[in-house]
Amino acid sequence: MGESTSPAPAPNSAPQTQNPSNGQEFRAIVCWLAEAEPRPRTVWAAWETHGVALLPLGRRFDAIRVPAEHVHDAVGSDGPETVATALRARCDGPVIRDFRSSLGPYYALIPPGTDWDGPAERLTTGTYLGVPRPGHTTALSRWVVLPQHPGALCDTRCVRTLLATAAPLRTVGR
C-alpha cells in the first residue's frame, strides 16, 4: 500500500494548466494517476527521473489522440493559453499535449470502455501513454488541462463535438 504515499509534486503556475486549488485534492489526483499502473512506485520513480511515466491505458482511462491542427482549427488558435481555456470549457476533462514534434498531438483522457465513433484515434488496452508529472513541465509532454479530481475524465460527446467543429473550419481555411 505504500506505493502511493510518495510525496506529491507541488503544483506550479504554468499558464497551460489549471491546478486544483486544494493541495489535498491535487495529491489525490496525482495518486489516482500513479495507480493506473499496477506498480505505482514505478510511476513515481519515472516521474522523478524523467518527468514522464508510461501509463497503461484501459485501466483508469483511455485516450483519444487528436492531431494538433484539428484542435487549433476548432479553437481558432494555437496559443497555449487560448487552447487550454477552450479545451477546459469544451472537453471539461484532462488533456495532455505531446511535444516531441512541432505538431504533436493532444490526448483527451476518457473513461475506459466508453463508446467512441469519432474521427480521431482511440487508444486503449495494450497501449501506454506518456503522462507528465502533474505540476511540472517537460520537453516531451505537458498537461494542457489537469483532471479536476480523481476520476474526472473528458466526455466523448464533447470531444466529438469539438472535432466536428474543426472539420468544416479546415475545409473553409484551404
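This report describes salt bridges, aromatic pairs and buried elements in a predicted model.

**Salt bridges**

The count of salt bridges in the model comes to 8. Three of these pairs are listed in the table.

| Salt bridge | N to O distance | Position of each residue | Separation in sequence |
|---|---|---|---|
| Glu35 and Arg60 | 3.9 Å | Glu35: loop between helix 1 and helix 2; Arg60: loop between strand 1 and strand 2 | 25 residues |
| Arg122 and Asp62 | 2.7 Å | Arg122: strand 5; Asp62: strand 2 | 60 residues |
| Arg65 and Glu121 | 2.7 Å | Arg65: strand 2; Glu121: strand 5 | 56 residues |

Glu35 and Arg60 belong to distant parts of the chain. Glu35 has a relative accessibility of 25% and counts as partly exposed. Arg60 is also partly exposed, with a relative accessible area of 25%.

The bridge between Arg122 and Asp62 joins strand 5 (residues 121-123) to strand 2. Asp62 is at 0% relative accessibility and is therefore buried, since buried means under 20%. Arg122, with a relative accessible area of 23%, is partly exposed.

Arg65 and Glu121 form a salt bridge that likewise links strand 2 with strand 5. Arg65 counts as partly exposed at 29% relative accessibility, and Glu121 is partly exposed with a relative accessible area of 43%.

**A buried glutamate in a loop**

Glu37 lies in the loop between helix 1 (23-34) and helix 2 (40-50). Is Glu37 buried or exposed? At 7% relative accessibility it counts as buried. Which residues is Glu37 in contact with, leaving aside its neighbours within four places in sequence? They are Thr42, Val43, Leu55, Pro56, Arg59 and Tyr128.

**Aromatic pairs**

The whole structure holds 2 aromatic pairs. A pair of aromatic rings is described by the distance of the centres and the angle of the planes.

One pair is Trp32 with Phe61, which is tilted, with 5.9 Å from centre to centre and 45 degrees between the planes. Trp32 is in helix 1 and Phe61 in the loop between strand 1 and strand 2, so the pair links parts of the chain 29 residues apart. Trp32 and Phe61 are both buried.

Trp44 and Trp47 form an edge-to-face pair, because their planes stand at 90 degrees, with the ring centres 5.6 Å apart. Both residues lie in helix 2, where a separation of 3 residues is about one turn of the helix. Trp44 and Trp47 are buried as well.

**Helix 3 and strand 7**

Why is helix 3 (residues 68-75) largely enclosed by the rest of the structure? The reason is that 6 of its 8 residues are buried. The buried residues are Ala68, His70, Val71, His72, Ala74 and Val75. Gly76 follows helix 3, and its phi is positive, near 75 degrees.

Strand 7 (residues 141-145) has 4 of its 5 residues buried, so strand 7 too is largely enclosed by the rest of the structure. Strand 7 runs antiparallel to strand 3 (residues 95-98), and 4 bridges join the two. Arg142 in strand 7 is the bridge partner of Arg97. The charged end of Arg142 sits over the ring of Phe99, 4.5 Å from the ring's centre.

Key. Residues are numbered from 1 along each chain as its sequence is written. This is a predicted model: local features need pLDDT of at least 70, side-chain atom pairs count only at pLDDT 80 or more; totals for chains, interfaces and linings use all residues. Side-chain values use heavy atoms; hydrogens and water are left out. Buried means under 20% relative accessible area, exposed over 50%, partly exposed in between (1.4 Å probe, protein chains only). Contact means heavy atoms within 4.5 Å. Two strands pair if DSSP finds at least two bridges between them. A salt bridge is a side-chain nitrogen of Lys or Arg within 4 Å of a carboxyl oxygen of Asp or Glu. Rings of Phe, Tyr and Trp (its six-membered ring) pair if their centres lie within 6.5 Å; planes under 30 degrees apart count as stacked, over 60 as edge-to-face and the rest as tilted. A charge sits over a ring if NZ of Lys or CZ of Arg is within 6 Å of the ring centre and within 35 degrees of the ring normal.
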